[in-house]
Amino acid sequence: MANTFSNLLDRLHLTSKEEGVQASEPTEEELKDLRDIYVKAGQDHVFTFYDDLSTSEKAGLFERLKSFDPQYINEITEKALHPPQSSDESQETRLEPLPEAATASILDSKEEDVQSWYTSGL
């Protein structure tokens with residue numbers, strides 16, 4: 001029974017890195033340091049309900065949050081949402097019709113061309 005419980009805690013990431021040892025709540029200094037990192041990144045909302053959590057939940061959240069770099073997450077999010085424009089992209093993109101040589105129609109094409117298109121799967 002104890003082994004099952006330990007396995008459950010491990011799978012929920014509620015144990016420390018030492019196998020089977022229940023995680024303990026971080027110290028005030030550790031929490032303050034981590035919270036400062038998230039405040040600087042504008043992500044301090046992740047601690048909104050921290051005080052409402054149980055000791056093992058606090059330990060699990062702390063372990064998870066310290067494995068992230070919130071500043072890096074902000075950087076890649078900014079790049080994804082607002083990609084930098086190259087000098088070529090700064091010009092307005094215009095759509096133009098394809099040249100006549102690049103188009104064809106079965107209505108005005110030779111029968112042998114139409115048959116070759118059907119044969120090739122077009």
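A nonpolar surface patch is here a set of residues with over 30% relative accessible area and no salt bridge, whose nonpolar side chains are joined within 5 Å. In the predicted model, one such patch is formed by F68, Y72, I73 and I76, which together present about 380 Å² of accessible area. Of these residues, I73 is located in helix α4, which covers residues 70–81. Because partly exposed denotes a relative accessible area between 20% and 50%, I73, at 37%, belongs to that class.

The interior was examined next. The largest nonpolar core consists of seven residues, namely L31, L34, Y38, F47, Y50, F62 and L65. Two elements, α2 (28–40) and α3 (55–66), each supply two or more residues to this core. The greatest contribution comes from α2, with three residues.

The surroundings of the core residue Y38 were then considered. When neighbours within four places in sequence are set aside, Y38 is in contact with Q43, D44, V46, F47, L65, F68 and P70. Among these partners, F47 and L65 are themselves members of the largest nonpolar core, whereas F68 is part of the nonpolar surface patch.

Helix α3 was also assessed for its length and packing. The twelve residues of α3 should span 16 Å at 1.5 Å a residue, and the end C-alpha atoms of α3 are indeed 16 Å apart, in agreement with that expectation. Within α3, the buried residues are S56, K58, A59, G60, F62 and L65. These buried residues of α3 pack against α2. Two of them, F62 and L65, also appear in the largest nonpolar core.

How values were computed:
Residues are numbered from 1 along each chain as its sequence is written. This is a predicted model: local features need pLDDT of at least 70, side-chain atom pairs count only at pLDDT 80 or more; totals for chains, interfaces and linings use all residues. Side-chain values use heavy atoms; hydrogens and water are left out. Patches are made of residues with over 30% relative accessible area and no salt bridge: like charges are joined within 9 Å, nonpolar side chains (Val, Leu, Ile, Met, Phe, Trp, Tyr) within 5 Å. Accessible areas come from the Shrake-Rupley method with a 1.4 Å probe; for residues, only the protein chains shown count as cover. A salt bridge is a side-chain nitrogen of Lys or Arg within 4 Å of a carboxyl oxygen of Asp or Glu. Helices (H or I, at least four residues) and strands (E, at least two) are DSSP runs, numbered from the N terminus. Buried means under 20% relative accessible area, exposed over 50%, partly exposed in between (1.4 Å probe, protein chains only). A nonpolar core is a set of buried Ala, Val, Leu, Ile, Met, Phe, Trp, Tyr and Cys residues joined through side-chain atoms within 4.5 Å. Contact means heavy atoms within 4.5 Å. The expected span of a helix is 1.5 Å times one less than its number of residues.
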